[in-house]
Amino acid sequence: MQPVERAEYEGVDYAWVMQTTFVVTILVGAPAVALLSTLVTLESWGARAAFAVRVGAPIWFVTAVAVALYARRTEAGDGGAGEGDSDEVDDAGGDDDAEKGD
């Protein structure tokens with residue numbers, strides 16, 4: 001069995017930043033927009049959509065910057081690789097050239 005390829009990141013893993021930003025914005029931003037929408041009168045669907053964009057965009061931007069700074073500071077999103085991890089794959093129970101017959 002061939003080992004799975006791993007990507008080596010130097011610095012910030014921007015895919016992790018984008019995924020985390022998306023999830024956090026949905027979990028935090030959507031309720032915030034819903035709560036703030038109770039304070040204003042939104043008479044049409046166009047007004048509701050415009051309000052969601054006006055309020056949601058800054059929430060998304062602040063979340064993205066905060067997640068990127070967190071990732072840069074803590075080296076988050078590195079796939080769980082630590083300093084002591086090696087590139088070798090544990091082949092326990094797999095086919096090994098030494099185990100194969102002549």
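Why does Ala-71 count as buried? The points below take up this residue and the helix around it.

1. The model is predicted, so that local features need pLDDT of at least 70 and side-chain atom pairs count only at pLDDT 80 or more, while totals for chains, interfaces and linings use all residues. Residues are numbered from 1 along each chain as its sequence is written, and side-chain values use heavy atoms, with hydrogens and water left out.

2. Ala-71 counts as buried because its relative accessibility is 1%, where buried means under 20% relative accessible area with a 1.4 Å probe and protein chains only. Ala-71 belongs to helix 2, and its C-alpha atom is separated by 6.1 Å from that of Val-12, 59 residues apart along the chain.

3. Helix 2 (residues 45–74; helices are DSSP runs of H or I, at least four residues, numbered from the N terminus) has 30 residues and reaches 42 Å from its first C-alpha to its last, close to the 44 Å expected at 1.5 Å a residue. Helix 2 nevertheless bends by about 30° at Gly-56, with Pro-58 following within four residues; the bend is the angle between axes fitted to the seven residues ending there and the seven starting there.

4. Among the buried residues of helix 2 are Phe-51, Val-55, Ile-59 and Ala-71, and the buried residues of this helix pack against helix 1 (14–37). Leaving aside neighbours within four places in sequence, Phe-51 is in contact (heavy atoms within 4.5 Å) with Val-33, Leu-36, Ser-37, Val-40, Leu-42 and Gly-56.

5. Just after helix 2, Glu-75 takes a positive phi of about 55°.

Key: Helices (H or I, at least four residues) and strands (E, at least two) are DSSP runs, numbered from the N terminus. The expected span of a helix is 1.5 Å times one less than its number of residues. Buried means under 20% relative accessible area, exposed over 50%, partly exposed in between (1.4 Å probe, protein chains only).
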